[in-house]
Amino acid sequence: MISGALALSIVGGIGGTLTFAAGSPDPTVSKLTVTFNGDSTTSKGFTWYTSHDFKGSDVQVVKKTGAKKPDFKKAVKFSGSYSLSTNSLNEYVHKAEATGLKADTEYYFRVGDQSQNKWSEVGTYTTAPKKGAFTFIDLADTQAKTEDEAILSSETISKALETVPDAEFIVHNGDLVDKGVKEEQWDWLLGHSQESLMNTTIAPSAGNHEDENYAFIDHFNLEVPANSETETGAYYSYDYSNAHFVILNSNEDSDAYANFSEEQIQWLKDDVKAAKAADAKWIIVNIHKGPYTTSNHATDSDILGANGVRNKVAPLMAELDIDFVLQGHDHIYARTKPITSDGTASETKKITETKKGQTVEYTVNPDGTIYLIPATAGPKVYYKNQKPQLGPAYYNLFEVADENHAAIYGPDPGDSKRPMRSQIQNFVGITINKDKLTAVTYEIDQNKNNAEPFIVDQFGIIKK
Ligand SMILES: [Fe+2]
Ligand SMILES: [Fe+2]
């Protein structure tokens, strides 16, 4: 579907006049993403790009029934608005929200311009349940420098959705692209991932590679706090069943906090307090430039300086009773023990459970916050940090702090300080069922198992 659409637009681009049968999908709709926006049980946000030929920003949605094809004559229409893309002035960015939806329900949708009957391909999404178990995928740093690398990253996304078929959304821990102001990199990633992204919901976090010129917020329709800055990224939160997710923007800065404004930190405190008052059982925070990782960035001054994330934001995670922090930026896999507000690991009771031959170790009622970095879903990988600042005391905070699995393939021919690019990708399937969180980490090794994902780590948290 995607390659067909790309081929058609290329033919159009060299002077051919293309006509499409009435009602057939218009291939000039691109970079369509579905996001949380408002109450996740009743609403969704949509973003898509078009040429200037489109004059409307319409979404049609219709409940998925037993019928093979959606009947858009029965659809409900929502209209949004469009603006010029900040990266690419010959494109419009359209945004709209569907609201008043039914919880825990699957819908068909398409986006386009109703006045001209120009529509995208048909996608699907599911609204959040009010309660009950759910599963999502976590991944990071798709960050491709070339279109071939973006194809690799897009394959990680589609393999993740195939491997974790009940995943209701994808959390992306940031660095979606390598240079956020280059629109062609979004064309590559979102274009090659279009079929995946039209059939799930993405909760993206802004990485430092998309920290300029509204490049991040242009591509995603997110409900951000009033008056918050969005030029460098965005911070926002959403509820999903019994969990509350907070996505921070680590591209801000202030005297008090490296990588964060004081406004953002105050918002975080208020947001978590409100979520707890509303009885959220789990609180999960996403920080692209996180405090507890094991490669190059773990010794950056914005992480370990006096106002760095490890000294200023990590203690707050424990004080706010954050259960789990998802990180990106450091391109290596690692996960910690529960870390308390004084920066030490707490000893915690553990139990193991074996199901279908797989054993998972659960940390029971942890005192402190557990941090995870799911390595990379794209090409770029880093070696483990060997600097003396990170001695045994630091690495004792971790349950898993291995050398990068890509190291077995030797240094990258283009950069001997890093392992070979594009050999290994990872993603994590995470299920929350009442008081139990179970995480299964998968690896794709391009040289093994037909490049199909296999399990490399499993762990969990139980909160009684
Ligand atoms: Fe990165
Ligand atoms: Fe980064």
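**Exercise 1.** In this predicted model, work out the strand order of the open sheet of four strands, and state which strands stand at its edges.

*Solution.*
Step 1. The order is β1-β2-β6-β5, and the pairing is antiparallel.
Step 2. β1 (30–35) and β5 (81–84) each have a single partner strand, so one side of each is left without a neighbour in the sheet; these two stand at the edges.
Step 3. Direction ignored, neighbouring strands of this sheet are turned by 15 degrees against each other on average.

**Exercise 2.** Over how many bridges do β5 and β6 pair, and which residue of β6 stands opposite L84?

*Solution.*
Step 1. Strand β6 covers residues 92–98 and pairs with β5 in the antiparallel sense over four bridges.
Step 2. Opposite L84 stands Y92 in β6.

**Exercise 3.** Describe the open sheet of seven strands and find its edges.

*Solution.*
Step 1. Its strands follow the order β13-β14-β15-β16-β20-β17-β21, with mixed pairing.
Step 2. At the edges stand β13 (236–240) and β21 (398–400); each has a single partner strand, so one side of each lacks a neighbour in the sheet.
Step 3. From one strand to the next, the twist averages 20 degrees.

**Exercise 4.** In what sense do β17 and β21 pair, and which residue in β21 does R335 stand opposite?

*Solution.*
Step 1. β17 (residues 333–336) pairs with β21 in the antiparallel sense, over two bridges.
Step 2. R335 stands opposite V400 in β21.

**Exercise 5.** Which strands of the sheet does helix α6 touch?

*Solution.*
Step 1. Helix α6 (residues 262–277) packs on the sheet of seven strands.
Step 2. The strands that α6 touches are β13, β14 (243–247) and β15 (282–287).
Step 3. The direction of α6 makes about 170 degrees with that of β14.

Key. Residues numbered from 1 in each chain as written. Chains lettered and ligands numbered in written order. Predicted model: local features only at pLDDT ≥ 70, side-chain atom pairs only at ≥ 80, totals over all residues. Pairing = 2+ DSSP bridges. Axes fitted to C-alpha atoms, helices over the stretch in contact; angles between N-to-C directions. Contact = placed C-beta atoms within 7 Å.
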